[in-house]
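Visitor: Could you take me in for a close look at one part of this model, the place where a helix of one chain meets helices of the other? I would like to hear about the surroundings as well.

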Amino acid sequence: MSESSQKVDLALKLSFGTYEQARTWVGTKSKARACEDDINWSAIKDFCSLARDANPNYWDEDAARSRYGTIVSPPGMLMVWQMRRRWNPSGPVEDPILATRVPLPGDTIINISTDSEFFRPMKLGDRLTVEEEIVDVSAEKRTRIGAGHFITTLSIFHNQHGELVARNRNVLFRFIAAAPAEGSR
Amino acid sequence: MSPIGKQARRCWEDVLQGDTLPEVVMPVTLSLCVLDAAATRDFFPGHHDRDYARGQNVRDVYLNTMFFHGLVDRVAGDWAGPDAWLSRRRLDMTAPVCVGDTMRTKAQVVRHYREDGRGMVEVKVQVLTEHGLGAKATLTYILPSRADAEPGGVR
């Protein structure tokens with residue numbers, strides 16, 4: 001492997017195509033994939049220190065044990081557990097989420113909204129499995145930052161016992177940035 | 001609103017529609033964005049690379065979705081207490097929240113009801129900056145009742 005191919009490339013590998021091609025992706029499901037890491041306390045503490053969440057279910061083993069038997073993950077980490085590292089021994093991971101594989105003209109993305117439902121606690125040591133489905137691709141819309149398409153993805157999370165843990169509907173905007181208006185910065 | 005300490009148990013019977021939640025103020029620094037990227041393992045360049053963010057027609061590096069999940073859950077969760085169960089959260093990010101902005105939250109109980117015998121509340125949290133509304137969320141919690149044994153039952 002050459003030096004240059006080992007460069008860490010953080011840019012997303014997007015698929016390009018037309019809106020008509022993108023529409024054929026509606027209904028596409030990913031195979032169920034095990035999240036890379038089990039629910040672990042180190043990652044939980046990193047996350048809670050970010051927004052300074054002092055909830056004892058995330059920090060205090062005795063308090064958490066009385067409610068759940070163990071420390072639990074904050075619900076806000078659902079998408080964190082879904083994240084993939086950009087490299088592993090099988091090679092670079094070029095399609096971290098299904099939405100980036102939908103062919104469209106836009107050369108960048110920004111996330112817009114989420115709708116998450118939580119059914120069961122995520123306990124230390126649990127390993128989640130996630131299945132994604134493209135549920136909608138909008139017609140072209142113009143926004144303040146540029147023109148593009150809204151991609152809606154549904155992610156369903158189960159634990160290692162096959163129990164439904166959570167469901168998350170995510171809307172991402174795939175767009176071409178508009179030239180900024182004079183003086184808008 | 002009843003005078004209840006942070007992280008204390010809050011019972012459904014003690015809540016009224018219209019109750020307001022304490023404000024949280026947090027400046028957005030580049031350091032916060034670095035912490036955000038690391039803690040959420042989100043290395044999309046818009047969250048740490050100023051040139052990339054500007055190429056997206058955004059003022060500067062901006063906070064990610066998972067940051068807002070953590071922030072609104074903390075704002076509502078500090079109030080709801082450790083016996084509450086978050087059953088649903090809807091988040092809309094209306095404008096990027098960038099380095100240099102200061103976030104102020106505004107939150108209140110917008111709905112107080114019973115469903116399937118359980119005490120429910122909906123809390124609306126807005127994240128405001130100098131540039132206006134950055135994000136808003138509606139969080140649905142199941143709260144314990146006074147009659148429940150302490151702490152809340154193991155699920």
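**A helix between two partners**

Guide: Happy to. Read from the N terminus on, the elements of chain A follow the pattern α-β-α-α-α-α-β-β-β-β-β-β-β, which gives 5 helices and 8 strands. Please keep in mind throughout that this is a predicted model. Of the 185 residues in chain A, 46% are buried. Among its contacts between residues at least 6 apart in sequence, 72% join residues at least 24 apart.

Chain B has 3 helices and 6 strands, in the order β-β-α-α-α-β-β-β-β. Its C-alpha trace spans about 55 × 30 × 25 Å along the principal axes. Buried residues make up 56% of the 155 residues of chain B. For contacts in chain B with a separation of 6 or more, residues 24 or more positions apart account for 69%.

Now to the part you asked about. Helix H2 of chain A covers residues 41–51, and I will follow H2(A) to two helices of chain B, H1(B) and H3(B).

Let us begin with H1(B), which covers residues 30–40. The axes of H2(A) and H1(B) are 9 Å apart, and the two helices pack at an angle of about 150°. An angle over 145 degrees counts as roughly antiparallel, and H2(A) and H1(B) are therefore roughly antiparallel to each other. Their crossing is left-handed. On the chain A side, the residues that meet H1(B) are Asp46(A), Phe47(A) and Leu50(A). Facing them from H1(B) are Leu32(B), Leu35(B), Asp36(B), Ala39(B) and Thr40(B). By class, this contact has 5 nonpolar, 1 polar and 2 charged residues.

The second partner is H3(B), made of residues 65–80. Here the axes come within 9 Å and cross at roughly 70°. Because of that angle, H2(A) is roughly perpendicular to H3(B). H2(A) brings Phe47(A), Leu50(A) and Ala51(A) to this contact, where they meet Met66(B), Phe67(B), Gly70(B), Leu71(B) and Arg74(B). These residues divide into 6 nonpolar, 1 polar and 1 charged. If you compare the two lists, Phe47(A) and Leu50(A) take part in the contact with H1(B) and also in the contact with H3(B).

Following chain B onward from H3(B) brings us to the loop between H3(B) and strand E3 (85–93), where Asp83(B) lies. Asp83(B) has a relative accessible area of 6%, so this residue is buried. Its side chain has polar partners in both chains. One is the side chain of Arg67(A), joined to the side chain of Asp83(B) by a polar contact of 2.5 Å. Another is the side chain of Arg9(B), with a polar contact of 3.1 Å.

For a contrast in surroundings, look at Ala147(B), which sits in the segment after strand E6 (132–143) of chain B. With a relative accessibility of 76%, Ala147(B) counts as exposed, whereas Asp83(B) is buried. Ala147(B) and Glu13(B) are 134 residues apart along the chain, and their C-alpha atoms are separated by 9.9 Å.

To retrace the route, H2(A) is roughly antiparallel to H1(B) and roughly perpendicular to H3(B). After H3(B), the loop holds Asp83(B), whose side chain makes polar contacts with Arg67(A) and Arg9(B).

Methods:
Residues numbered from 1 in each chain as written. Chains lettered and ligands numbered in written order. Predicted model: local features only at pLDDT ≥ 70, side-chain atom pairs only at ≥ 80, totals over all residues. Heavy atoms only, no water. Axes fitted to C-alpha atoms, helices over the stretch in contact; angles between N-to-C directions. Helix = DSSP H or I, 4+ residues; strand = E, 2+ residues; numbered from the N terminus. Parallel < 35°, antiparallel > 145°, perpendicular 65-115°, else oblique. Left-handed = near helix turned anticlockwise from the far one by under 90°. Contact = heavy atoms within 4.5 Å. Nonpolar A, V, L, I, M, F, W, Y, C, P; charged D, E, K, R; others polar. Buried < 20%, exposed > 50% of the residue type's maximum accessible area, 1.4 Å probe, protein only. Polar contact = N/O pair within 3.5 Å; in protein donor to acceptor, adjacent residues only side chain to side chain.
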